[in-house]
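Here is a short briefing to read alongside the model. Have the viewer open as you go through the points.

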Amino acid sequence: MLGLALVVFVTLSAASPFFLQTNNLLNLLDQSVVTGIVSAGMSFVILTGGIDLSVGSVLGVTSVLMGLAMPHAGILGGVCVAIAAGAGIGLFSGVLVARFGLASFVVTLGVMAIGRSLAYIFSGQNSISDLPPGFNDLVYTPILGIPSNVATLLVLYVLAWLYLTFTKGGRTIYAIGSNREAARAAGLNVLLYSIMPYVVSGALAAVAGVLLSAQILSIDPLAGTALELDAIAAVVIGGASLAGGRGSIIGTLIGVLIMVMIRNGLNLLGVSPFWQGSAIGGIIIAAVLAERLVSARTGGH
Amino acid sequence: MASVAAAREAALAPPPLLQASGIEKTFGSTRALAGADLALAAGEVHGLLGANGAGKSTLSRVISGHVRRDRGELLWRGASFDPSGPREAIAAGIGMVMQETSLAPDLSVLENIFLPDLARPGRLSRGNWRMRAEEILETLGQTASLPLAVEVRRLSAAQRQLVEIAKALAVEAALIIFDEPTASLSPGEVERLFDVMARLRAGGRGLVFVSHRLEEVLAITDRVTVMREGRTVARALPTARLSQADIVRLMVGQELGRIHQPRAAVGATAPVLAVRGLSAPPMVRDVSFTLHRGEILGLGGLVGAGRSETLETLFGLRAKAAGDIHLHGRPFAARHPAQAIRAGIAFVPEDRRGQSIIPDFSVRENLLLGHLSAHRGFGLGTRAREARMKALLARLDLPAERLRDANMLDFSGGMQQKIILARWLLLEPRVLLLDEPTKGVDIGTRAAIYEMLREAADAGTAILVVSSDFEELLGLCSRILVISDGTTIADMASAVLDEAKLTLFAAPRSSMAATTRLLGDLAAETGGAAFWALRDGGRLFCLARAGGADPGADPGADPGFTTGATPLFGETRIATALAHPPGQSLGRFIAEPDGGRHSLLVPVRSHRGHDFGVIGVCVARPPLPDADAIARRVADLVTRQM
């Protein structure tokens, strides 16, 4: 998968003289922020064997709530409202899935529809653009020379990697996805760590919404539409199994970069945007097929 | 000369229906079959024997098309045969009666019998089905015992098996493989199954009987093939020339006595775990026992008796409905496993693949899973366990570099089980619960597991073991608790028991309903007590009893023992009657020398000659009931129910 990323990178560098320019590379990372942050949350859910289709709508509705709150509560207050709302929606989905045993696909499909509908209602079908100008600083203030939105992305991935690799909760998430019954029989807290990934996913979708809104200084109730598909694609290209238990957060980041590079490269090469779907779709299927062939050869389960 | 005799024997032997030679099969890195042979003829019952993990089931599944062989030759009626799936094997005439039945629980008996018909083209005719089903039950001599319209999930284990057999006959199977068919049957039901098998044999079918219960093998098979570690070690030996000891030697390759060392009973200390009246419906109804420090207690019973569910309830995996559990003298009830683990209880479940192994974790992480759950911090906190982990690894014969191995499923069943056991020993539990700890484990690893358990017990851990292998229970435990239909019915020292007695104690109470009813009737009519018991070596083993000690009954008729008791004759109140030589004591009432209690003992013997002990009636004083009438009722019970 890292190999695939390199192949894409080298091919695009060779094909387009503009690809390797510093501006374009920074642009690549900048374009990865929203999908990347949402995909990190999606990784948590997919590692437990679930799926979260609601992330795009959660991004939309939490952004609208933030836009409504900001004139009263200030920038920080608005951001907190958005993240709390995202986490709350995730908690709702997580409890329905883990406590009541509903299928995550169905629960989050429902939440996806509700979220988008509420985004329209709360915003009165209009974009919100009376945001404080200082809000824009959240994205472009450099931290150690890196724009703050890219820094946020990287810090979140490092934290997620540390958590999933070196903590009790992280390993429990893997164990649940790999064999829920065995995790239960070993006394792990299956309920808590089955709910928590949805909370993380909802909260990170809201964080992505904050950065997106700050970048364009405008909030559209349509924001984040179809984002869930990009996030799932990134996680799968990154080598995770949709059955759970297998995959890594680093893989997800590489998956995000592969997708962004392909979009960016095809644009630079002047390929019609209508071909992008075919390219991304082909890569998703190839990645899953490769994973299956590898696990069949090593006698996986 | 020898070759002439061999040639004559070969000429006399019927041509084989099925011949398998040099079959090999590898799963991952586990070599399940490494040169298995089997040849059997039409019209015989052929025993396929071997210890757990010898490859009997895999070979059966190769023949029935469930598993495809890697190498070796399979001849069916003289022609090469390579079924790509069970469907093809069924079409060729090979049926299998599975250990865990392969029936659709929500379909009716009739639909299940003709399930393979759904794979055929053309219209289904229920009327035709019904007619053929009745014919089949007729040939089995079981017309009365199987209602065709009932859904399969309402049937008993024995009835389900009958459906499986009928299903094999419906596709006109010429060879039927019975894979451990008696694992969940009572002795009476086993006899009925043997009647059915004898009829099938007389009808010219070939039968394979897979089992590790030697008495049954000797009773029903004509020839036996013995497997050990994936290889056939004895081919088609005539059963009549074998003794149990011969078979054991072939199965094990060494004396079992070497790995079995019954434990001495522990002294009377305060129990670590005391359970009274535990219930968790539907499987656990009334379980009581005590478990002491350093003790290995066996929990025996048939598959489906509620053994696993009892352990799961103690460990917090199942909700408790009623009953008291005391741990170290304090009330204790685990609502989830984490609570049980923190209280010092550990549990090794039966299904390694389903309930123990995390397949995506390395061996090391699997080993530390119990620790992860007991650990209270945010991080992993494994450093504290390193020293003990090293010591345990040395016991496992596992090279340290294999700790990093990604896939635990690549290890042999025995190594997997040792790793899971080590997962819990790492926590130094005070109570260790084990469910079928040597299932699918080779004989060498078994010895190592027993050794690890004995060491843990010597270090003070109290151990409760569930096993279907009664020999294992007798060889490992100092005391055995028998559970039947979710109720503990006996608590006995293993020193006084053997496998045959344990099998009778473990019979499901539901299958003995007629017997208990008769005991109740006899007690009520005579105003005394009635019991069913075995006698052996001056000791009585009471399987069931009614009357006498119940409130309102005549205390003078109390024989001095209750269900599950194993007193010496002298410790009962009817010692004289029990000690009478069989010829004289059977058939008439014997009075005790103190003038009280007159007892009658009637032998219970099936028409196949199997000894089921005696049914006794004890009254306080004359007038004595009619002994002949009681004997007739017992004989009647035997023909109808046993």
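**A small void and a mixed sheet**

The second largest cavity is lined by Ser63(A), Leu212(A), Ser213(A), Ile216(A), Ser218(A), Ile219(A), Asp220(A) and Ala223(A). This is a predicted model, where local features need pLDDT of at least 70, side-chain atom pairs count only at pLDDT 80 or more, and totals for chains, interfaces and linings use all residues. Residues are numbered from 1 along each chain as its sequence is written, chains are lettered from A and ligands numbered from 1 in the order written, and side-chain values use heavy atoms, leaving out hydrogens and water.

**Cavity**

- A cavity here is a set of points on a 1 Å grid over the protein atoms alone where a 1.4 Å probe fits but cannot get out, and lining residues have an atom within 4 Å of a point.
- The whole structure holds 2 cavities of 30 Å³ or more, and the second largest has a volume of about 30 Å³ (the space filled by probe spheres set on the points, which are joined across faces, edges and corners).
- Helix H9 (residues 190-216) of chain A gives the largest share of that lining, 3 residues; helices are DSSP runs of H or I with at least four residues, strands E runs of at least two, numbered from the N terminus.

**Sheet**

- In chain B, 6 strands form an open sheet with mixed pairing, in the order E6-E7-E8-E3-E9-E10; two strands pair if DSSP finds at least two bridges between them.
- Its edge strands are E6 (94-97) and E10 (231-238) of chain B.
- E6(B) pairs with E7 (residues 175-179) of chain B in the parallel sense over 4 bridges, and Met96(B) has Ile177(B) as its bridge partner there.

Note on methods
1 Å grid on protein atoms, 1.4 Å probe; cavity = no way out; pocket = protein on both sides within 12 Å on 5 of 7 lines; lining within 4 Å.
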